[in-house]
Amino acid sequence: MGLNTKNQVNSYRRLSGITVVAVYFLILVGGIVRSTGSGMGCPDWPKCFGSVVPPTSVEQLPENYQEIYLEKRLAKNDRFVATLSKLGFEETANQLANDKSIQVEEEFNATKTWIEYINRLIGVVIGLLILATLVKSFSLWSQDKWITITAFLSLVLVAFTGWIGSIVVSTNLLAWMITVHMLLALALVAVLLYSHRRAARLLTEHQTTNPMPKKIFWLLLVATLLMLIQVVLGTQVREGIDRVSFAMGNMLREEWVGKVGVVFLVHRSFSLVLLAVHVIYFVWAFKFSSRNTSISYWNQSLLLLLVVEIASGIGMAYFGLPAYLQPIHLLFGSMILGVQFIIMLQLKEQSNIKLDSQL
């Protein structure tokens, strides 16, 4: 590989790495939006109260602003319902059309408006970063066309995620739409990490290694799927917390967890299953992996992230759901999935390199 190509690969890896960090930062900010109840701070999309720069006081809005933006949201929601019907999701469309909670319009709150507005600005920056990543990838097409293909896929994903974000607003933060939005963000991270990893492979010579047993890869795959389920369960717990906090007028925060019900108990119990699977994985991984290798370092990172995630979950359960822990819990859960994906890619590459050396 020539010097110019190496520089192009390194440039792409730097930009794609920055983009991954930016997406994780957006997930953190999204958690802050959720924990502060700012999701409907802007009742329209992509603008905020019809402006590029949102208002700072209610006096800047017309007297009937709630009716105006409710009508706009319902019109967009009707179009989404029609789309679902055309795609064959009749039952979901009917539920959405008859959901009375969508017709509730919040009062203007400057703090919540600007928290949501900043969240959207960061989303725009990420969109531009992903576009720049795609442009950078064109120079690597001759080296590995999948780098460009996945970079393009990430652009499609970020655009679709943005559109789903607009539906989240039009449906007044409908719980399952928030879950879909979160899963799309995680899918975006996975695609970006895959593209970043393929670029890294262009810089390394394929060397014969001592691959770890296949059971370690499959166990990690199981752990990753369980972690993904746990993240979805966490969004359901968050939905329950939102209902309880609304019913209690945001008072007696320390009692919210106890009133969430079965979904919290399932989430808490499932964490024990998740922990047990990871313990087995770590025992096997540290037994069979060589020290001072990339996989070993990523395994150590995974262990640290898991400890912090468990600690933040315990902190929320027993200390009255402190608002600052909620986005941290979401961020570290998302980072665990990212690190698991990176390790699986490396384990797969290790196996393929060994296979190549025998051919």
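Which helices do the buried residues of α4 pack against? In this predicted model, they pack against α1 (3-35), α5 and α6. That makes α4 a handy place to begin a tour of the structure.

Helix α4 has 28 residues. From its first C-alpha to its last it reaches 41 Å, close to the 40 Å expected at 1.5 Å a residue. At the N-terminal end, asparagine 109 acts as a cap, with a side-chain oxygen 3.1 Å from the backbone nitrogen of threonine 111. The buried residues of α4 include Thr113, Tyr117, Asn119, Ile122, Ile126, Leu129, Ile130, Thr133, Leu134 and Ser137. Glu116 and Arg120 also belong to this buried set, and they lead on to the charged pairs.

A search of the whole structure turns up 4 salt bridges. As general background, side chains of opposite charge can pair when their charged atoms come close. One of the bridges lies within α4, where the side chains of arginine 120 and glutamate 116 meet at 2.9 Å, N to O. Arginine 120 and glutamate 116 are separated by about one helical turn, because they stand 4 residues apart in helix α4 (residues 110-137). Both arginine 120 and glutamate 116 are buried.

Another salt bridge ties arginine 198 to aspartate 144, with the closest N and O atoms 2.7 Å apart. This pair links distant parts of the chain: arginine 198 sits in helix α6 (residues 175-201), while aspartate 144 sits in the loop between α4 and α5 (145-170), 54 residues apart. With buried meaning under 20% relative accessible area, arginine 198 is buried at 18%. Aspartate 144 has 10% relative accessibility, so it counts as buried.

Helix α6 also supplies arginine 197, whose side chain meets that of glutamate 349 in a salt bridge of 2.9 Å, N to O. Here too the pair links distant parts of the chain, with arginine 197 in helix α6 and glutamate 349 in helix α11 (residues 325-358), 152 residues apart. Arginine 197 has 25% relative accessibility and therefore counts as partly exposed, whereas glutamate 349 is buried, with a relative accessible area of 11%.

Turning to the nonpolar interior, the largest nonpolar core has 63 residues. Those with the most contacts inside this core are Tyr281, Leu302, Ile343 and Leu347. The largest share of the core, 11 residues, comes from α6, the helix that also carries arginine 197 and arginine 198. Leaving aside residues up to four places away in sequence, leucine 347 touches Met212, Ile216, Phe217, Leu220 and Ile295. Another core, of 11 residues, lies apart from the largest one, and Val237, Val244, Val257 and Leu325 are among its members.

Covalent cross-linking completes the picture. The search of the whole structure finds 1 disulfide, which joins cysteine 42 to cysteine 48 with an S to S distance of 2.0 Å. The torsion about the S-S bond of cysteine 42 and cysteine 48 is about -80°, so the disulfide is left-handed. Cysteine 42 and cysteine 48 are both buried.

Conventions. Residues numbered from 1 in each chain as written. Predicted model: local features only at pLDDT ≥ 70, side-chain atom pairs only at ≥ 80, totals over all residues. Heavy atoms only, no water. Disulfide = S-S within 2.5 Å. Buried < 20%, exposed > 50% of the residue type's maximum accessible area, 1.4 Å probe, protein only. Helix = DSSP H or I, 4+ residues; strand = E, 2+ residues; numbered from the N terminus. Expected span 1.5 Å × (residues − 1). Contact = heavy atoms within 4.5 Å. Polar contact = N/O pair within 3.5 Å; in protein donor to acceptor, adjacent residues only side chain to side chain. Core = buried A, V, L, I, M, F, W, Y, C linked by side-chain atoms within 4.5 Å.
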